[in-house]
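Could you walk me through how the two chains in this model fit together? I am new to reading structures, so please explain the terms as we go.

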Protein chains: 2
Amino acid sequence: VAAAIDFYFDFGSPYGYFASHRIDALAARHGRTVDWRPYLLGAAFKLNGRKPLAEQPLVRDYAVHDMKRTARAMDIPFVLPAIFPISGVPACRAFYWIRDTRPAVAAPFARAVLAAYFAEDRDIADPQVVADIGAGFGLELEALRAALQDPAVKDRLRRETDAAIERGVFGSPFVIVDGEPFWGNDRLDQVERWLESGGW
Amino acid sequence: VAAAIDFYFDFGSPYGYFASHRIDALAARHGRTVDWRPYLLGAAFKLNGRKPLAEQPLVRDYAVHDMKRTARAMDIPFVLPAIFPISGVPACRAFYWIRDTRPAVAAPFARAVLAAYFAEDRDIADPQVVADIGAGFGLELEALRAALQDPAVKDRLRRETDAAIERGVFGSPFVIVDGEPFWGNDRLDQVERWLESGGW
């Protein structure tokens, strides 16, 4: 069986959201599955001395324009959320707790969180919002709320983020195919070509 | 006659170099010409508080890998220059002086400078190298060398860079089609689709 491809993203990243709409079908066309790996992009930004788009005056307006244009080109719903940037901490903690307890629900949960933020403008930094999304998948609400404050779950997310950075991941989306790294929604055509050809 | 499309780039930008290999044919397919507009990207970086790739530890290694992989995918020559990043000042000054005196030579001269830097690893920050490239197009060597120190030419470049930033240009390559801005070599497919369809 061919290895899964690794799909790193931050829950607050528009381009991660865009890529999330393509990555599974793209992998499936080449007999691959996708390992969804949310992490905290802010930790990588800090190491690179990079500022969020919203804090770069010339870039910000263009970036918002580009996001809306890209969403139209891909024909997927998109609103610029009222809270932007946002913390992905509660959503990430929930994700890894779900992945460990109900693995089949993890990717659908992640898709639902991204849609809540980027299509419905819900505040995914609010643990109650994250818990409600989980409840929609039949997860036990109180257990999920408790997990968000569980030191073991907090530590799990820290380790996932450290491990991502250790592997050289620093953006969202960031895809690794058989050790080959691709940064950005606009590299998915290259990812597809890599899967087709085994590299060039 | 349809308006030219504006192609902004920095002479030291690998992705500007990559785009320079596609932009003319792409425009020509849609009955358009290209207005080549080199400028000093560093001035835009300063405004955005953005650091060069080489100074972002996690990004640098990936970026070099991505440049080489992109060059192979496009099947064009590429070396990572020994001096990187580099100043585009002499090349830009020469470009605008040539544009004003021998306009038909301007784009070919720009292509030759990009090739000297990214395919032959020559030091394009050296005025003598820039003057030699110009001489290859039959330009008078002493006049070109004098132009590189002419206050009017220096001022012309400052005004071009200010005007680019004033229009919202902040990257390389940066293409404007009928007022619509596109940042990045990886937006050229969207540029083509925009030219085809008039927008979406």
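**How the two chains meet**

Me: How many salt bridges are there between chain A and chain B?
Reply: Happy to help! This is a predicted model, in which local features need pLDDT of at least 70, side-chain atom pairs count only at pLDDT 80 or more, and totals for chains, interfaces and linings use all residues. Residues are numbered from 1 along each chain as its sequence is written, chains are lettered from A and ligands numbered from 1 in the order in which they are written, and side-chain values use heavy atoms, leaving out hydrogens and water. A salt bridge is a side-chain nitrogen of Lys or Arg within 4 Å of a carboxyl oxygen of Asp or Glu, and the count between chain A and chain B is 6.

Me: Which side chain meets A:Arg69 in a salt bridge?
Reply: The partner sits in chain B, and the N to O distance is 2.8 Å. The residue is B:Glu180.

Me: What area is buried between chain A and chain B?
Reply: The size of an interface is often given as the accessible area lost when the parts come together. Buried area is that loss (1.4 Å probe), summed over both parts. Carbon and sulfur atoms give 48% of the area here, and the total is about 3,000 Å².

Me: Which residues of chain A lose the most area to chain B?
Reply: Three residues together make up 22% of what the chain A side buries. They are A:Leu58, A:Tyr62 and A:Arg69.

Me: How many residues does each chain bring to the contact?
Reply: Contact means heavy atoms within 4.5 Å. Of the interface residues of chain A, 100% are also interface residues in chain B, so the copies meet through the same surface. Chain A gives 34 residues and chain B gives 34 residues.

Me: What rotation superposes chain A on chain B?
Reply: The copies are superposed by least squares on the C-alpha atoms of residues with pLDDT of at least 70 in both. The fit has an RMSD of 0.0 Å and a shift of 0.0 Å along the axis, with a rotation of 180°. The two copies are thus related as by a two-fold rotation axis.

Me: Which residue of chain A comes closest to the rotation axis?
Reply: Its C-alpha is at 3.1 Å from the axis. That residue is A:Asp186.

Me: Is B:Asp75 buried or exposed?
Reply: Buried means under 20% relative accessible area, exposed over 50%, and partly exposed in between (1.4 Å probe, protein chains only). B:Asp75 has 69% relative accessibility, so the residue counts as exposed.

Terms used
Buried area is the accessible area (1.4 Å probe) that two parts lose on being put together, summed over both.
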